[in-house]
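Subject: Structure handover

Hello,

Here is the structure I said I would pass on. My notes follow below it, chain by chain and then by topic.

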Amino acid sequence: MATTETTASGIGPVEGGSVHNVDNPAPLIEAPRKRTKKSPKSTRGNFEMYGWLFMRLSGIVLVVLVLGHLLIQLVLDGGVSKIGFAFVAGRWASPFWQVWDLLMLWLAMLHGANGLRTVINDYAERANTRLWLKGLLYTATVFTILLGTLVIFTFDPNIR
Amino acid sequence: MATPTLEKADAAPEPGFADSPYITVTFRVRRFNPEVSAEAVWEDFQLEIDPKERVLDGLHKIKWDVDGTLTFRRSCAHGICGSDAMRINGKNRLACKTLIKDINPEKPITVEPIKGLTVLKDLVVDMEPFFQAYRDVMPFLITKDTNEPTRERFQTAEDRERFDDTTKCILCAACTSSCPVFWNDGQYFGPAAIVNAHRFIFDSRDEAGEQRLEILNDRDGVWRCRTTFNCTDACPRGIEVTKAIQEVKRALITRRF
């Protein structure tokens, strides 16, 4: 840019004469947020609304479930030292604790996954990065939910 | 300043001259000229200025007396047109409503263009994506059958009060360009568009509220709001922007259940 006939302001010696002209046009600045054909189409569904609502409602339920879980596992009746195969087997003999753990698993996983989805939407700028991060997230979520559900329903206390 | 210039020249410190209101302020302005460099740089300007003047007056002093290439927008210069929103000391404000004494003139005053929109030159940004989002929410009165304005559309004082706050918007983009979600994804409608949708959604005379709610129910609509309150802090008109967004969210939920 620093040719002899230009000043720091980019204006040449001739008053009003720019360094750019028809043959040497000024660089075109592409607006990064312009709505083009490639920008996502608007969605006409309630998915985002249900997602938002789910986060609030599952959050309230999870406060009870998780705090109760932590209290039972870590504080009451000898604390963490009591936890063993026998303790887990004893709890899962009752359908109440089966339902409690199943509900906690599903709600916590979906709540966390939806939260991470919004984080990815907010922070990952490139479409490809978003795609891969979300793919990884959904795979991990589905795997954990299925594995956990399988264990709760098929748990056999006489495994040995 | 009542002291005439002639007296100032010979008899140096006049009794009234000692308490001169003028102080030295450093303006640190973010300069960008795409015809010179692809990089934006900080440039310092030292000004003798009355601290009771506004940041806009400082910018005028620079443009008129120091460096005429400094580029910024301003129209009415009295906080109504919304042209001169800029990032002053890291916060979005109107340069014409910010007094120098209120923003610690002992330290350099930084002046940058608002974030999240393409900088064209110095403090001027491309507002088109912002106005695109504004147009998308249909910011005008829509009525179904009685399109002919044959009589006045009456409204009670309470009905008018319902959306009074959001009528104050001057479209300066201070809120939208302070929103971290908008910084990262310009597809988000942004607070200003939602505020202007709110103004018609809650207007008893308007009949297209459902349509506007449907537009804002979009993936890039109100549900992307993370309630960080940056917009409420930034609004030079004191609109409770985040509250308006939450009211639209609540309307969406209550009208569907």
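Chain A contains four helices and zero strands, and its elements follow the order α-α-α-α from the N terminus on. Please keep in mind that this is a predicted model. Of the 160 residues in chain A, 28% are counted as buried. The accessible surface of chain A is about 11400 Å², and carbon and sulfur atoms account for 70% of that area. If one takes the contacts in chain A between residues at least 6 apart in sequence, 60% of them join residues at least 24 apart.

One helix pair in chain A is worth a note. Helix α1 (residues 47-75) of chain A packs against helix α3 (residues 95-123) of chain A at an angle of about 135°, and the two axes are 8 Å apart. At that angle α1(A) is oblique to α3(A), since the oblique class includes angles above 115 degrees that do not exceed 145. The crossing of α1(A) and α3(A) is left-handed.

Chain B has nine helices and seven strands. It has 257 residues, of which 49% count as buried. About 12500 Å² of chain B is exposed, with 52% supplied by carbon and sulfur atoms. For contacts in chain B with a separation of 6 or more, residues 24 or more positions apart make up 62%.

Helix α6 (residues 191-201) of chain B is mostly covered, with 11 of its 11 residues buried. The buried residues of α6(B) include the charged or polar Asn196(B), His198(B) and Arg199(B) as well as Ile194(B), Val195(B), Phe200(B) and Ile201(B). Which elements cover the buried residues of α6(B)? Among them are α3 (128-136), α4 (157-162), α7 (209-216), α8 (230-234) and α9 (241-254), which belong to chain B.

Next, the salt bridges. Over all chains the structure holds 22 of them. Side chains of opposite charge can pair when their charged atoms come close.

Arg31(B) and Asp122(B) form one such bridge, with 3.1 Å between the closest N and O atoms. Arg31(B) is in strand β1 (residues 23-31) of chain B, while Asp122(B) is in the loop between β6 (119-121) and β7 (124-125) of chain B, so the bridge ties together parts 91 residues apart in sequence. Are these two residues buried or exposed? Arg31(B) is buried, at a relative accessible area of 10%, and Asp122(B) is buried as well, at 2% relative accessibility.

A second bridge links Glu112(B) to Arg87(B), where the closest N and O atoms are 3.8 Å apart. Glu112(B) belongs to strand β5 (residues 109-112) of chain B and Arg87(B) to strand β3 (residues 85-88) of chain B, so this pair ties together parts that are 25 residues apart in sequence. The relative accessible area of Glu112(B) is 18%, which makes it buried. Arg87(B), at 15% relative accessibility, also counts as buried.

Arg224(B) forms a salt bridge with Asp220(B), and their closest N and O atoms are 3.5 Å apart. Arg224(B) and Asp220(B) are both buried. Through shared partners, salt bridges join Asp122(A), Arg130(A), Asp185(B), Asp220(B), Arg224(B) and Arg226(B) into one network.

Last, two residues in one loop of chain B. Lys52(B) is found in the loop between β2 (41-49) and α2 (55-66) of chain B, and Arg54(B) also lies in the loop between β2 and α2. Lys52(B) is exposed, at 53% relative accessibility, whereas Arg54(B) is buried, with a relative accessible area of 18%. The cut-offs behind these labels are under 20% for buried and over 50% for exposed.

What does Lys52(B) contact, leaving aside its neighbours within four places in sequence? The residues are Pro21(B), Leu99(B) and Lys101(B). Lys52(B) and Leu99(B) are 47 residues apart in sequence, and their C-alpha atoms are 5.9 Å apart in space. Arg54(B), not counting residues up to four places away in sequence, touches Ala77(B), Ala95(B), Cys96(B), Thr98(B), Leu99(B) and Ile100(B). Leu99(B) is thus in contact with Lys52(B) and with Arg54(B).

Regards

Technical notes
Residues numbered from 1 in each chain as written. Chains lettered and ligands numbered in written order. Predicted model: local features only at pLDDT ≥ 70, side-chain atom pairs only at ≥ 80, totals over all residues. Heavy atoms only, no water. Buried < 20%, exposed > 50% of the residue type's maximum accessible area, 1.4 Å probe, protein only. Contact = heavy atoms within 4.5 Å. Salt bridge = Lys/Arg side-chain N within 4 Å of Asp/Glu carboxyl O. Areas by Shrake-Rupley, 256 points an atom, 1.4 Å probe, with all protein chains shown as cover. Axes fitted to C-alpha atoms, helices over the stretch in contact; angles between N-to-C directions. Parallel < 35°, antiparallel > 145°, perpendicular 65-115°, else oblique. Left-handed = near helix turned anticlockwise from the far one by under 90°.
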